[in-house]
Amino acid sequence: MIRPVLSVRDLKVEFVTRRGNLKAIDGISFDIARGEVLGVVGESGAGKSVTGSAVIGLIDPPGRLAGGEILLSGQRIDNLPPQEMRRIRGKRIGMIFQDPLTSLNPLYRIGEQLVETIRTHTSLTASGARKRAIDLLAEVGIPAPERRVDSYPHEFSGGMRQRVVIALALCAEPELIIADEPTTALDVSVQAQIISLLKRLGREHGTAIMLVTHDMGVIAETADRVAVMYAGRIVEIGPVQEVVQHPLHPYARGLMGAIPSLQSDTNRLEQIPGAMPRLSAIPSGCSFTPRCSFAFDRCRVERPEAIARDIHPVACHLYDQAPAKAEVVA
Ligand code: SF4
């Protein structure tokens, strides 16, 4: 079997508070292969950004890793000293955040920033690095890159700045890119361009991409597989076409109702009533019980584990029942 670029095994993250330790991530596992885009989707508070932060070793206190393993191309990275992890970020793991200005220094020309990153992670000379910077800008679709390489971040539009950040993330030819809501701050027309750029570059460079977003539409356009997160757990994971067209988990079915192009499908929920529980008030049993119109007695007392049912794994008691019960959502 080909070794995945990223392998997350039974990952647990908790927040230490005066009221006790709150579980932000409660035992999630997934892999991302070379050239594959895994979409991680869920509402705010589901734990998707915390998962991304855990992979890059940047969980903000009072959060901390509480268990599990993270492997990058087979090498365990969750237990590395901070200095070594810093070297891995930027070199082996690239990052793209919602706000491009998080990654760009407004005081320096973008060429200087690209050249510095390239020279930190490769043995290229200054002129070689500048040529590579211009090539990368051309690759991400910046017009007249020979001229724009000497511009400052504020001289670019939001969409163009995000293209520069993608170039920056690609500087060291990373094995993995974590993209956290990369299109959320952009105009809808620009979002589509950035999504297709990310997807194309991931394929061409063989980079594994973990795409974190609340937007099922972005996932449907970009991802090869999707992991649906709810209250710190993965409730459904599978190929994007299967999950979008045949979501199994009641929460995933509700999320699919949020894709505009699919709204005509009357079998899908238009919205999910209620809100994600606070970490201090996650219900016992299935955490989705208060919002689930299919909930039954077992859901309130027993936490569902992911089972591979029908086409892909899902954590819901409906699929661990006698056939008559499962037919409710078939
Ligand atoms: Fe709904 Fe029960 Fe399935 Fe949870 S386990 S999603 S409450 S049916």
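## Two sides of helix α2

Let's start with α2: Gln83, Arg86 and Arg87 are exposed (over 50% relative accessible area, 1.4 Å probe, protein chains only) on one side of this helix. On the other side, the buried residues (under 20%) of α2, which spans residues 82-91, are Met85, Ile88 and Arg89. These three sit on the same side of α2 because they cover an arc of only 105° around the axis, taken from the directions from the helix axis to the C-beta atoms. Helices here are DSSP runs of H or I with at least four residues, and strands are runs of E with at least two, numbered from the N terminus.

The buried residues of α2 pack against α1, β4, β6 (93-96) and α3 (110-121), where contact means heavy atoms within 4.5 Å.

## About the model

This is a predicted model, in which local features need pLDDT of at least 70 and side-chain atom pairs count only at pLDDT 80 or more, while totals for chains, interfaces and linings use all residues. Residues are numbered from 1 along each chain as its sequence is written, and side-chain values use heavy atoms, with hydrogens and water left out.

## The sheet and helix α1

Next comes an open sheet of 4 strands, ordered β2-β1-β4-β5 with antiparallel pairing; two strands pair if DSSP finds at least two bridges between them. Its edge strands, β2 (20-32) and β5 (75-76), each pair on one side only. Between β1 (residues 6-17) and β2 there are 10 bridges in the antiparallel sense.

## A buried threonine

Thr183 lies in the loop between β7 (176-180) and α7 (188-205). Its relative accessibility is 5%, so Thr183 counts as buried.
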